[in-house]
Amino acid sequence: MKKLYAVFIAIIVMQLNVAAQAPQNSGRPGAGAGAGTGQRPGGPGGAAMPQIGQIYGKLVDAKTKQGVEYAAVTLLRAKDSTVVTGMLSKGNGDFNLENLPFGAFLMRVNFMGYKTVFKKVTVTPQTMSQDIGNIKLEANATALDEVNITGQRSAFQMSIDKKVFNVDRNLTSAGGTAADVLKSVPSVNVDIDGNVKVRNSSPNIFVDGKPSTLTIDQIPADAIESVELITNPSAKYDAEGMSGIINIVLKKNKKAGYNGMIMAGIGNNDKYNLGGNINVRQGKWNVSANYNFNANRNWGTGVTDRTNFAVPGSLDQNYINQNSDSRQGGMFNFGRFGLDYFLDNRNTISLSQNIVGGSFKNRETLGSVYSDENKDVTMRNNRFTDSKFGFNNYTTTLGFKHLFAEPNKELTADVSMNLSNNDRSGGFVTQPLDLSGNPVGNSFAQSNISDGKTNFYSFQADYVDPVGKTGKFETGIKGTMRYYSSVYDVYNGNNGSSVRIDSLSNDYKYDEQIYAAYANYSNAIKNFGYQVGLRVEQYVYSGEIPSKNMKYEPTKPVPGFFPSVYLSYKLQKEQEVQLNYSRRVNRPNFFQLIPFRDFSDPLNHREGNPDLKPEYTNSLEFSYMKTWKKHNFLGSLYYRNTNNLISTINEPITPGNDTLLTTFVNANKNFSYGAELTMKNEIVTGWSITTNVNLYQTELQVKNAKEDYTNRGFSWLAKINSETKLPANFTFQVTANYQAPTITVPTGGAGGGRGGGGGGGGGFMMIPTSAQGTIKGLSAVDIAVRKDFLKNKAASLTLSLSDVFNTRQFQMDQVSPYFSQDFTRKRESRILKLNFSYRFGKFDATLFKRKNNKSSADGMQMDTGGGF
């Protein structure tokens with residue numbers, strides 16, 4: 001009925017427009033819908049101007065991009081606004097005005113619920129036939145107020161090549177960090193240290209599509225719009241990352257008018273968060289600002305039991321038992337400013353600035369007990385560690401986007417600069433104990449100071465050109481440059497005025513650059529679709545240890561080629577299958593390459609291997625997707641084969657010594673295969689469940705001069721997200737996950753990124769990163785409930801409880817020819833939080849222009865009560 005009413009109004013408007021001009025046209029030659037108005041050029045008796053002009057185009061909804069049917073398109077003469085002709089748009093939004101005279105005109109488009117659009121056009125002998133292109137009709141603010149549209153995006157959207165997790169619908173992460181968000185994302189596993197795995201391998205994590213030095217604990221959840229997961233990326237994306245890409249998309253509000261949000265939260269044991277955002281869009285300008293503050297305290301405990309073998313396989317052995325108790329606390333600020341300037345409806349310039357900074361403190365007590373082969377205690381001591389860590393991060397991005405007249409043809413370019421620095425200071429005091437545990441003798445103190453800096457620069461340009469009706473050609477270039485430096489000084493005593501210990505101190509610099517170019521071509525033949533692509537990356541690397549006057553350029557730059565192929569076929573009844581292949585790379589980092597021994601941890605030394613080679617992964621995936629009215633299913637079979645896998649080996653520095661030396665080697669090969677099943681079900685109206693199960697087999701083979709072994713195992717991961725809409729505007733969510741026991745497969749991250757020292761080498765004993773180990777099973781359940789209130793649900797209260805049964809902890813068993821070890825660590829995980837948010841502003845959708853940005857913010861909830 002609403003559509004019929006709108007059509008009826010449109011027809012009346014057209015008739016009134018024509019009728020209003022009738023007295024001027026009546027009795028004149030050529031009067032009528034297709035004729036000109038007034039005296040024609042040339043005067044009475046002059047030659048009539050030909051009416052052979054044509055203007056055509058398409059009307060689309062500015063938000064949905066769908067064609068607008070039955071809109072009134074009227075052509076007015078520019079000099080006096082008299083009506084020339086008009087029509088109603090077709091079902092797909094097309095319009096075509098023919099038999100037009102030469103001259104200047106004003107085209108008017110109006111339809112109920114949309115803002116009236118005026119467009120100047122001129123018909124000349126040189127421009128007799130003109131394609132106006134897509135004209136976007138923008139919703140009228142008054143109409144929106146009356147209709148009060150309150151649609152919401154799904155919490156989890158999945159397609160056959162990408163999954164998108166919308167954070168604004170995730171209640172359990174409110175007031176937390178990106179680590180809390182990723183714990184709820186299907187397919188993603190996050191351990192208690194914030195290490196992220198997808199299908200039991202490390203993905204490449206981006207922020208807004210670009211590399212970042214921020215950790216997931218330094219990004220507030222309230223600043224995140226969505227998380228994109230691509231398990232087998234095409235040649236368009238960076239080749240780095242064994243199990244695909246996780247892209248954390250920050251909020252970039254571009255709603256018209258002004259709107260925003262304020263939020264605050266509190267949690268048990270001194271946990272606080274505060275934040276807000278505001279956006280103003282008027283005319284050609286869009287300005288946004290975002291600020292978040294996060295402070296928390298937490299605790300941690302750990303137990304390690306290690307058996308050292310004097311000779312591999314012998315009974316001559318000794319034992320070490322360690323117990324750790326720690327307290328951590330800190331805060332960080334996250335600020336973001338964004339500016340968009342719309343040059344016209346096809347060109348946009350964007351500028352954004354992120355500023356992040358924080359400081360953290362850690363205090364830890366580590367008790368160590370040493371026993372002989374008879375398990376008689378031979379030595380005891382306590383180590384007290386006190387450390388501080390501070391960081392600052394600045395990211396500036398300048399972007400440009402141009403839309404061509406041809407639909408879906410576009411050019412984008414951006415440059416980005418990320419500057420970060422961190423500083424650490426602290427030390428430890430080791431107090432010897434007698435065999436009964438009482439202090440004895442003099443304590444030993446050691447302090448440390450470190451400073452690290454990273455400058456990250458990148459540039460990127462992408463071009464998309466449609467080919468025919470279904471084809472598309474994509475190409476682009478990208479460059480990333482990273483410059484890193486660190487100084488780590490260790491002193492005897494409790495401050496930096498003592499004598500520097502050269503054997504424990506270090507400094508280093510390294511530069512790495514990656515230059516890439518790619519091309520993709522895709523097309524479809526009826527129900528069959530295909531895409532082929534090739535990415536070429538040039539990796540340039542150099543490093544040095546200034547204090548040793550040592551410089552390293554261990555590898556000669558060689559271009560790497562990374563092809564990708566996607567094949568898809570659409571079946572009947574909303575079904576689709578896809579087969580895809582890609583090649584990826586994981587390059588050794590500076591810490592793994594330099595042949596310099598790091599003594600900063602007295603029980604675990606580390607030394608790089610300049611002969612390390614990059615590891616290359618061939619990834620093959622077959623997917624099937626089926627869509628029902630209220631259900632979606634996505635099943636994938638995948639196989640991943642990695643050659644030259646970067647692994648570690650651990651051995652005593654001398655036979656019978658308790659101190660281990662960790663070095664890096666290329667394993668012969670590693671392969672894994674599995675099946676991932678994801679199901680979205682709307683059980684009943686208001687209750688939806690997303691279930692994700694990943695079953696996989698992993699095998700690692702290591703064969704070198706020192707070790708020869710195979711480690712294999714089967715494991716699985718299950719995750720369930722449930723959301724229930726309850727009466728009185730309540731929403732209840734449950735997230736449950738279980739990770740079954742799995743073998744350890746280190747991939748390139750060992751030893752890499754501590755910026756010169758982890759606070760003095762006096763913390764909990766480092767876990768040797770050998771491949772011979774098993775991580776025990778882990779499970780957790782998180783719950784949350786939200787109450788929306790006030791007009792248009794502008795205010796919300798969210799109460800959440802993480803790890804309801806307090807089961808989230810890390811346990812690992814390791815075995816090697818030189819030692820065996822059982823390790824358990826627990827951090828505070830059962831946390832009760834209460835968060836409040838309030839949305840405000842005026843949502844004036846009539847101010848929308850053509851969408852010239854990559855943000856998905858325009859697809860957000862339309863609600864006259866507020867912002868995000």
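The following exercises, each with a worked solution, concern a predicted model of a protein.

**Exercise 1. Overall composition**

Determine how many helices and strands the protein has, and what share of its residues counts as buried.

Solution. Begin with the secondary structure: the protein contains four helices and 45 strands. Next, consider burial: 51% of the 868 residues count as buried. Then turn to the surface, where the accessible area of the protein is about 37900 Å². Carbon and sulfur atoms account for 57% of that area. Finally, examine the contacts between residues with a separation of 6 or more: 69% of them involve residues 24 or more positions apart.

**Exercise 2. The salt bridges of Arg199**

Identify the elements in which Glu621 and Arg199 lie, and state whether Arg199 is buried or exposed.

Solution. First, establish the pair: Glu621 and Arg199 form a salt bridge through their side chains, with an N to O distance of 3.1 Å. Glu621 belongs to strand E31 (residues 615-627), whereas Arg199 is in the loop between strand E11 (196-198) and strand E12 (204-207). The two residues are 422 residues apart, and their pairing links distant parts of the chain.

Second, take the salt bridge between Glu676 and Arg199, for which the N to O distance is 2.6 Å. Because Glu676 is in strand E35 (residues 669-684) and Arg199 in the loop between E11 and E12, this pair ties together parts 477 residues apart in sequence.

Third, apply the burial criterion, which requires a relative accessible area under 20%. Arg199 has a relative accessibility of 6% and therefore counts as buried. Glu676 has a relative accessible area of 2%, so Glu676 is buried. Glu621 is buried as well.

**Exercise 3. A salt bridge between Arg500 and Asp502, and a network**

Classify Arg500 as buried, partly exposed or exposed, and name the residues linked in a network of salt bridges.

Solution. The closest N and O atoms of the salt bridge between Arg500 and Asp502 are 2.7 Å apart. The partly exposed class lies between the limits of 20% and 50% relative accessible area. Arg500, at 30% relative accessibility, is therefore partly exposed. Asp502 has a relative accessible area of 49%, so Asp502 is also partly exposed. For the second part, the network of salt bridges links Asp238, Glu240, Lys478, Arg535, Glu537 and Arg587. The count of salt bridges comes to 24.

**Exercise 4. Two buried residues**

Locate Asp462 and Phe590 in the secondary structure, and explain why Asp462 counts as buried.

Solution. Start with Asp462, which is part of strand E22 (residues 444-467). Its relative accessible area is 7%, so Asp462 counts as buried. The side chain of Asp462 makes a polar contact of 2.6 Å with the side chain of Tyr518.

Continue with Phe590, which is found in helix H4 (residues 590-593). Phe590 is buried because its relative accessible area is 1%. Leaving aside residues up to four places away in sequence, Phe590 touches Tyr508, Lys509, Tyr510, Tyr541, Gly543 and Glu544. Between the C-alpha atoms of Phe590 and Tyr552 the distance is 9.4 Å, and these residues are 38 residues apart along the chain.

**Exercise 5. An open sheet of three strands**

State the order of the strands in the open sheet formed by three strands, and explain why one side of each edge strand is left without a neighbour.

Solution. The strand order is E4-E1-E7, and the pairing is mixed. Strand E4 (94-100) and strand E7 (129-137) stand at the edges; each has a single partner strand, so one side of each lacks a neighbour in the sheet. From one strand to the next, the twist averages 20°. Strand E1 (residues 53-61) pairs with E4 in the antiparallel sense over five bridges. Ile55 has Leu97 in E4 as its bridge partner.

**Exercise 6. The partners of strand E44**

Find how many bridges join strand E17 to strand E44, and how many residues the hairpin from E43 to E44 passes through.

Solution. Strand E17 (residues 285-309) and strand E44 (residues 819-827) run antiparallel and are joined by nine bridges. Within E44, Arg827 stands opposite Gly300. Strand E43 (residues 810-815) also pairs with E44 in the antiparallel sense, over six bridges. Asp813 has Asp822 in E44 as its bridge partner. The hairpin joining E43 to E44 passes through three residues.

Terms used
Residues numbered from 1 in each chain as written. Predicted model: local features only at pLDDT ≥ 70, side-chain atom pairs only at ≥ 80, totals over all residues. Heavy atoms only, no water. Buried < 20%, exposed > 50% of the residue type's maximum accessible area, 1.4 Å probe, protein only. Contact = heavy atoms within 4.5 Å. Areas by Shrake-Rupley, 256 points an atom, 1.4 Å probe, with all protein chains shown as cover. Polar contact = N/O pair within 3.5 Å; in protein donor to acceptor, adjacent residues only side chain to side chain. Salt bridge = Lys/Arg side-chain N within 4 Å of Asp/Glu carboxyl O. Pairing = 2+ DSSP bridges. Axes fitted to C-alpha atoms, helices over the stretch in contact; angles between N-to-C directions.
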